[in-house]
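Visitor: Please pick one spot in this structure and give me a close look at it. After that, walk me outward from there, at whatever pace suits you.

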Amino acid sequence: MSPRVALPTPTAARGAAPEGGDPAAGLLDRFGRRATDLRLSLIDKCNLRCTYCMPAQGLPWLAKERLLSAEEIRRLVRIGVEQLGIRELRLTGGEPLVRKDLEEVIAGIRDDHPQLPIGLTTNAIGLERRAEGLRRAGLTRVNISLDSVHRETFAQLTRRDSLDAVLTGVAAAAEAGLTPLKVNAVLVRGVNDHQAPELLRWALEAGYELRFIEQMPLEADRTWEREATVTAAETRRLLGEQFRLRPSAEERGGAPAERFTVWDKRDAATAEARGTVGIIASVTEPFCAACTRTRITAEGRVMSCLFSRTEVDLMDLLRSGADDLAVAQRWADAMWAKPAAHGTDRPGFDLPGFERPDRSMSAIGG
Ligand code: SAM
Ligand code: SF4
């Protein structure tokens with residue numbers, strides 16, 4: 001087991017009040033982890049229905065007035081960056097491109113923070129028309145979710161026949177310079193797992209960095225079973241049918257993906273590496289001890305962990321005239337209480353003590 005799997009060690013001797021957070025210390029938790037990476041969900045709604053995320057009929061979407069407005073988002077990011085040590089922002093959802101004011105949201109944040117890396121996690125539908133405008137608004141890079149380059153398999157996984165729109169969106173993002181362009185894929189046993197090497201070949205040829213994400217118990221249908229998860233070890237084995245993988249020598253830090261340098265077995269033994277691939281093993285090799293993330297849902301609630309069952313509302317403060325310090329204090333308090341791992345005191349989705357959050361991935365913001 002790598003040390004990253006180890007549980008964080010509790011400590012209260014870090015200058016923060018034992019009962020809660022201290023905004024002056026940033027978003028520190030009881031285990032000494034400091035969140036510097038903000039995942040902010042813009043909307044819970046989505047135009048796909050990925051089987052590992054959404055139910056076929058969708059979910060009851062939040063009314064527009066319950067979503068954080070562009071101004072509220074801008075203020076939260078300002079508080080996060082200026083008072084709480086946020087160094088990186090990722091906008092997500094649901095599907096963030098469903099928000100018509102996405103360009104306005106990004107331009108406002110960019111005005112306040114010229115150097116802040118701003119990423120977008122998206123399914124790329126509609127990106128063909130918007131990639132260039134988003135880059136001009138100040139977007140830095142995109143992560144695009146794509147599980148198969150086969151039309152039928154894509155439709156089976158997403159319950160929509162939209163592969164062409166996604167592929168043109170990916171190309172437009174690359175063309176607009178929203179790079180390094182990462183592609184996220186979830187493997188589902190018996191559906192697209194056998195296509196893993198082919199998906200990697202497609203990404204390597206186009207110059208995208210592919211990352212495989214182990215499926216987590218965050219689908220609204222509640223059908224997840226550990227035995228059905230295509231594990232990181234299995235993914236390495238599947239890729240090994242066509243590629244040679246060597247763990248990257250780069251320092252991983254708080255990054256969730258373990259990166260591998262990749263050689264094509266069809267090439268000569270002396271040939272150069274083709275690129276890299278990442279594997280995010282949240283289920284079988286959790287990295288909770290190195291977590292640097294804080295999340296805010298589309299209706300303005302802090303979730304200190306993807307699996308947190310406690311949500312702390314910032315929206316009521318934003319809409320009741322509270323000052324920035326009050327918002328920062330509540331956010332820091334929420335993070336101080338961050339659980340050790342997987343929303344509980346130890347990592348393991350199949351261990352006693354683990355309870356799923358009430359929300360699906362789309363309603364949290366992945
Ligand atoms: N709609 C956008 C997209 O799909 O990129 C952004 C939101 S989506 C919830 C963010 C990421 O979460 C996607 O890469 C998706 O594959 C991943 N995801 C969704 N459900 C998941 C699950 N149960 N386990 C692992 N990853 C999941
Ligand atoms: Fe939508 Fe993304 Fe969930 Fe797929 S993974 S249903 S694209 S939110």
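**A loop glutamine and its surroundings**

Guide: Let's start at Q215, which is in the loop between strand 8 (209-213) and helix 7 (232-240). Helices here are DSSP runs of H or I with at least four residues, strands are E runs of at least two, and both are numbered from the N terminus. A bit of bookkeeping before we go on: residues count from 1 along each chain as its sequence is written, chains are lettered from A and ligands numbered from 1 in the order in which they are written. This is a predicted model, so local features need pLDDT of at least 70 and side-chain atom pairs count only at pLDDT 80 or more, while totals for chains, interfaces and linings use all residues; side-chain values use heavy atoms, with hydrogens and water left out.

Back to our glutamine. Q215 is buried, because its relative accessible area is 14% (buried is under 20%, exposed over 50%, partly exposed in between, with a 1.4 Å probe and protein chains only). Leaving aside neighbours within four places in sequence, Q215 is in contact with Y52, V186, L187, V188, W224, T229 and V283, where contact means heavy atoms within 4.5 Å.

One of those partners, V186, takes us to the sheet, since strand 7 covers residues 182-186 and runs parallel to strand 6 (residues 141-145), with three bridges joining the two. Across that pair, N143 stands opposite K182. Just ahead of strand 7, P180 lies in the loop that comes from helix 5 (163-175), and a cis peptide bond joins it to T179, with omega at about 0°.

Now zoom out to the whole sheet. Twelve strands form an open sheet with mixed pairing, in the order 9-10-11-8-7-6-5-4-3-12-13-14. At the edges are strand 9 (243-247) and strand 14 (312-313), each pairing on one side only. Two strands pair if DSSP finds at least two bridges between them.

Follow the order to the strand 9 end. Strands 9 and 10 are antiparallel partners over five bridges, with R246 opposite T261. Strand 10 also pairs with strand 11 (residues 275-280), again antiparallel over five bridges, and here F260 faces V277 across the pair. Strand 10 spans residues 258-264, with D264 in it. This aspartate counts as buried, because its relative accessibility is 5%. Not counting residues up to four places away in sequence, D264 touches R201, Q242, F243 and R274. From D264 to L218 is 46 residues along the chain, and their C-alpha atoms are separated by 34 Å.

Next come two backbone oddities. Most residues other than glycine have a negative phi, and most peptide bonds are trans. A124 has a positive phi of about 75° although it is not a glycine; it lies in the loop between strand 5 (118-122) and helix 3 (127-137) and counts as buried, at 0% relative accessibility. R159 also has a positive phi, about 60°. R159 lies in the loop between helix 4 (151-158) and helix 5 and is partly exposed, at 27% relative accessibility.

There is a ligand site to visit too. Around ligand 2 are C46, L48, C50, C53, M54, G94, N123 and S362, each with a heavy atom within 4 Å of it. By class, that shell has five nonpolar, three polar and no charged residues (Ala, Val, Leu, Ile, Met, Phe, Trp, Tyr, Cys and Pro are nonpolar, Asp, Glu, Lys and Arg charged, and the others, Gly among them, polar).

Finally, step all the way back. The protein chain has 10 helices and 14 strands. Its radius of gyration is 20 Å, close to the 21 Å the globule rule gives for 366 residues, so the chain is as compact as a globular protein of that length. That radius is taken over C-alpha atoms, and the rule is 2.2 Å times the number of residues to the power 0.38. Of the 366 residues, 55% count as buried, the state we met at Q215. Among contacts with a separation of 6 or more, 72% come from residues 24 or more positions apart.
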